[in-house]
Amino acid sequence: NCSLPVFKAPVRRVAIFGGTHGNELSGVFLVKHWQENGDEIQRTGLEVRPFITNPRAVKKCTRYIDCDLNRVFDPDNLGRQITEDIPYEVRRAQEINHVFGPKNSNDAYDIIFDLHNTTSNMGGTLILENSRNNFTIQMFHYIKNALAPECCPVFLIEHPNLKYATTRSIAKHPVGVEVGPQPQGVLRADILDKMRKIIKHGLDFVHIFNKGTEFPPCTIEIYKIMEKVDYPRNKNGEITAVIHPSLQDQDWQPLNNGEPIFLTIDGETINYEGDCTVYPTFVNEAAYYEKKQAFVKTVKVKLTAKGIRSSLS
């Protein structure tokens, strides 16, 4: 009978990461608060650990010291010999993997919520790494319903050629929380509140699941990554056009063939060429200039999760 729920062990260990990027301040602020006073994040029978992942970058209020911590949780970096000249973030990744992992092992933490800010107008976005993870999809369904009518887009970063190797990927159920728009090095009350609510509902879901509540099969609409789009550049690799005003702040809005995406310094409009409607996100993200990324193209897809229930109930 395909309608029978999938039984899963209760969740025991949850981490909340802030400061993976040291200038994304909502997560830093919340995690530091919860380290001092964690009442808000405690749930019966659950160990919830708030943790600053990149303390040196947080101290300097910069994205990273040597390299992007959120891209080095791959087998090569996690297994690298520690030498004098190893990047700080690679050494830090190994320490984090030791405490909260090891990645892909039974000992890894059940859930890691990794808190991020974006300069893009993405609202409170949930980032999904695996389209077949019933538990995470059920959690996202719960969070979306709890936040309704406020929008809570789900961004699926699963892709055959684009590998992220995120900090949270060491957990059995990685959860990316991406809230914007907020400038780097700035705290906004509205953005902070959105992030705080997402975490509250996520922890509530885990608590309800652990009590033995059955969650029936569910379907959510998600945005699946297709490709990253770079700015137009000259032969020296310098940017020759900016995001067009009609695309700016239009994250998650439909973009069709022939609609403007870039504007050159001479006032020439460059239009989108594509045979299907896409939904841009991370539009004009400050941190992605160095990654040669003006926006990310996504398509809308529906994902269905099987029913789930805690096995110890």
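**Close-up 1. Glu24 is a buried residue, with a relative accessible area of 5%.** Welcome to a set of close-ups from a predicted model. Here we start with Glu24, which sits in the loop between β2 (13-18) and α1 (25-36). The label "buried" applies because the relative accessible area of Glu24, 5%, falls under the 20% limit. Two polar contacts of the Glu24 side chain are worth picking out. With the side chain of His21, Glu24 makes a polar contact of 3.1 Å. With the side chain of Arg63, Glu24 makes a polar contact of 3.3 Å. Once neighbours within four places in sequence are set aside, Glu24 is in contact with Arg63, His116 and Asn117.

**Close-up 2. Glu178 carries the UniProt annotation "active site".** That label comes from an unreviewed UniProt entry, so please read it as an annotation that may be inferred rather than shown by experiment. Glu178 belongs to strand β7, which covers residues 173-180. Is Glu178 buried or exposed? Its relative accessibility is 6%, so Glu178 counts as buried. Which residues is Glu178 in contact with, leaving aside its neighbours within four places in sequence? They are His116, Asn117, Thr118, Met122, Gly123, Gly124, Thr125, Ile127 and Phe282. His116 and Asn117 will be familiar from the previous view, where both are in contact with Glu24.

**Close-up 3. The backbone nitrogen of Thr118 lies 3.4 Å from the side chain of Glu178.** Here we look at the Glu178 contact from the other end. Thr118 is found in the loop between β4 (111-117) and β5 (123-128). With a relative accessibility of 0%, Thr118 counts as buried. Apart from neighbours within four places in sequence, the contacts of Thr118 are Glu178, Val179, Gly180, Pro181, Gln182, Phe282 and Glu285. Phe282 is in contact with Thr118, and Phe282 is also in contact with Glu178.

**Close-up 4. Helix α6 takes in residues 189-210.** If you enjoy a quick check of geometry, this view offers one. The helix has 22 residues, and at 1.5 Å a residue they should span 32 Å. The C-alpha atoms at the two ends of α6 are 32 Å apart, so the model agrees with that expectation. After α6 comes Gly212, which has a positive phi near 105°.

**Close-up 5. Strands β9, β10 and β11 make an open antiparallel sheet, in the order β9-β10-β11.** Strands β9 and β11 are at the edges and have a single partner strand each, so each has one side without a neighbour in the sheet. From one strand to the next, the twist averages 35°. Strand β9 (residues 241-243) runs antiparallel to β10 (residues 260-264), and three bridges join the two. Another three bridges join β10 to β11 (residues 269-271), again in an antiparallel arrangement.

**Close-up 6. Leu263 of β10 is the bridge partner of Val242.** This view moves in on individual residues of the sheet. Leu263 also stands opposite Thr269 in β11, while Pro260 stands opposite Asn271 in β11. Where is the positive phi in the hairpin of β10 and β11? It belongs to Gly267, with a value near 90°. The hairpin has four residues between its strands.

Conventions
Residues are numbered from 1 along each chain as its sequence is written. This is a predicted model: local features need pLDDT of at least 70, side-chain atom pairs count only at pLDDT 80 or more; totals for chains, interfaces and linings use all residues. Side-chain values use heavy atoms; hydrogens and water are left out. Buried means under 20% relative accessible area, exposed over 50%, partly exposed in between (1.4 Å probe, protein chains only). Contact means heavy atoms within 4.5 Å. A polar contact is a pair of N or O atoms within 3.5 Å; within protein, one must be able to donate a hydrogen and the other to accept it, and residues adjacent in sequence count only if both atoms are side-chain atoms. The expected span of a helix is 1.5 Å times one less than its number of residues. Two strands pair if DSSP finds at least two bridges between them. Axes are lines fitted to C-alpha atoms, for helices over the stretch in contact, and angles run from 0 to 180 degrees between N-to-C directions.
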